[in-house]
Amino acid sequence: MRIYHIIYIVLGVTCFLVSCGGNTSKQTKEDYLTVEVACDETFRPIIEQELNAFHAKYPEAILDTAFMSETQAIQLFLEDSFRMVITTRPITESEKAYILDQHKLTVESQPIAHDAIALILHLSNKDSLLSIHDIKRIVTGQYSRWEQLPHSQSQGNIELVFDNENSSTVRFIRDSICEGKELKGTLKTAKSNQNVINYVARTPNAIGIIGVDWLRNPSDSTNLSFDSHVRVARVSHSSVAEYGNSFQPVQYYIATGDYPLVRKLFISSTEPYMQALNRNFYHYLTDTEGQLIITKSSQLLPIVPVHVKAVDITE
C-alpha cells in the first residue's frame, strides 16, 4: 500500500511539472484545494457525510458544494461553474462534446452507487403493497382514487407528492414508469425531499415519491428500518402485489433485484489537474473509504461487489 502511495505522488508531481507549460501558472493555491460539487438534492444526506469524512482526512480542503435539482446541477456543469457533478444519469455524448468545444475539457464519469425510489404513505394508510402496474396507473392518471386499487382499504383522492418538478425523481418516474409520457393526476411539489416527508406525515391520502436515503433511520446500524414518521410501501414486480412478492427498498433487496424502482448514481468530473483535491474527491467516492461510508451510513447500495451473510439474531 505504501508503494502505491509513493507512485501516486510521483505521478502527480510529474503531471504537475508537465502541465506547467500550459495554463497551470494561472491557477491559484485555492484552485487546487477547492472541492466543488453540484449535487442532486436527492443525495444530500450521503454526500454531506462523504464530504465531512473527506474534509477530516484533508483539512486543507475548501468545500464548495451546492445541492439543487438534477437539471440545474447539470446546467452548471455544462457552464463550467462546477467541475464535478453528482447525478442519476451519465453525461451524454452531446454534452461531452459541448464541454470539450466550449471549455476545452474532457469528462470523466463513473457510477458510485445504486439508489432506490421509495414510495411513502401516511402511517394510517394500510394500503402499503403496490405493484408496478398499480404505480403506473396512478402516475398516468388512470387511478385517481384509492378505491380503484385492488384490495384497497382506503378512500379518497390520491395525491402524488414530489420534491421538485425538475428533479431526477420526476424524470425517473416519467421515463421508466410512464414510458416518456407526462405525469397526470393530483400532483404536488414540496420543494425538497424533507418537505415531501413532512407533507405525507400529515396527509392520509398522499403518496410521496422520494430518494430512499432521506428515509434512513440513523439509530439503526443494520439499515433495515426507516423514518418512523411515515410508512414505506412494499413494491412488487408482479401484476398483483402480495406480501410475499413485495419488498421495501433496503440494501439487500436492491442488490437482489427484488425491489423494482432502482437506478444508478454517477459522479462526473472535468477537473484537468491530477494534483487537485477536486480529483482526489472524485476517486475517494469510488475507492474503499468512500464506498464503505455508502455501505454503512446510507440506504444506497455501493457499486463495489458486496457479500451477503446470513446471521442469527436473538433477542
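**View 1. Asp-134, tucked away in helix H6.** At 5% relative accessibility, Asp-134 counts as buried, since the cut-off for that label is under 20% relative accessible area. This is a predicted model, so take each close-up here as a look at a prediction. Asp-134 sits in helix H6, which spans residues 132-139. Skip the residues up to four places away in sequence, and what Asp-134 touches is Leu-129, Tyr-143, Leu-149 and Pro-150. There's also a long-range pairing to look at: Ala-241 is 107 residues apart from Asp-134 along the chain, yet their C-alpha atoms are separated by 8.6 Å.

**View 2. A three-stranded open sheet, S5-S10-S11.** Here 3 strands line up in the order S5-S10-S11, forming an open sheet with mixed pairing. S5 and strand S11 (246-247) are the edge strands, each pairing on one side only. Strand S10 covers residues 234-236, and with S11 it pairs in the antiparallel sense over 2 bridges. To find your place in that pair, look for Ser-236, which stands opposite Ser-246 in S11.

**View 3. His-122, in the loop between S4 and S5.** The loop that holds His-122 links S4 with strand S5 (129-131). Is His-122 buried or exposed? Its relative accessibility is 16%, so His-122 counts as buried. The His-122 side chain makes a polar contact with the side chain of Ser-124, at 2.7 Å. Leaving aside neighbours within four places in sequence, His-122 is in contact with a run of residues: Val-200, Ala-201, Arg-202, Thr-203, Pro-204 and Ala-206, plus Arg-231.

**View 4. Strand S6, covered on both faces.** Strand S6 takes in residues 159-162, with Glu-159 and Val-161 on one side and Leu-160 and Phe-162 on the other, and all of them are buried. Between S6 and strand S7 (residues 186-189) there are 4 bridges, and the pairing is parallel. Glu-159 has Thr-186 as its bridge partner in S7. To get from S6 to S7 the chain goes through helix H7 (residues 168-177), making a right-handed β-α-β crossover. S6 also has strand S8 (residues 206-211) as a partner, running parallel and joined by 3 bridges. In that pairing, Val-161 stands opposite Gly-208 in S8.

**View 5. The nonpolar cores, with Phe-281 up front.** How many residues does the largest nonpolar core have? It has 70, and Val-35, Ile-120, Ile-173, Ile-207, Ile-209, Leu-215 and Phe-281 are those with the most contacts inside it. S4 supplies the largest share of this core, with 8 residues. Zoom in on Phe-281 and, apart from neighbours within four places in sequence, you'll find it in contact with Val-35, Val-37, Glu-50, Leu-51, Phe-54 and Met-84. There is a second, separate core too, with 13 residues, including Ala-66, Phe-82, Ile-91 and Ile-99.

**View 6. His-283 on helix H10.** His-283 belongs to helix H10. With a relative accessible area of 25%, His-283 is partly exposed. Not counting residues up to four places away in sequence, His-283 touches Glu-108 and Gln-110. For the second of these contacts, the C-alpha to C-alpha separation between His-283 and Gln-110 is 9.4 Å, with their places 173 residues apart in sequence.

**View 7. Helix H11 and its buried side.** In helix H11 (residues 288-297), the buried residues are Gly-290, Gln-291, Ile-293, Ile-294 and Ser-297. These residues cover an arc of only 160° around the axis, which puts them on the same side of H11. A quick reminder helps with the pattern: an α-helix has 3.6 residues a turn, so residues three or four places apart point the same way. On the other side of H11, Thr-288 and Lys-296 are exposed. What do the buried residues of H11 pack against? Their partners are helix H3 (44-57), strand S4 (108-121), helix H9 (251-256), helix H10 (277-286) and strand S13 (301-302).

**View 8. Gln-291, a closer look within H11.** Gln-291 lies in helix H11, and at 2% relative accessibility it counts as buried. Outside the residues up to four places away in sequence, Gln-291 touches Ile-112, Leu-285, Thr-286, Pro-302, Ile-303 and Val-304.

Conventions. Residues numbered from 1 in each chain as written. Predicted model: local features only at pLDDT ≥ 70, side-chain atom pairs only at ≥ 80, totals over all residues. Heavy atoms only, no water. Buried < 20%, exposed > 50% of the residue type's maximum accessible area, 1.4 Å probe, protein only. Arc of directions from axis to C-beta. Contact = heavy atoms within 4.5 Å. Core = buried A, V, L, I, M, F, W, Y, C linked by side-chain atoms within 4.5 Å. Pairing = 2+ DSSP bridges. Right-handed = clockwise from strand over helix to strand, strands pointing away. Polar contact = N/O pair within 3.5 Å; in protein donor to acceptor, adjacent residues only side chain to side chain.
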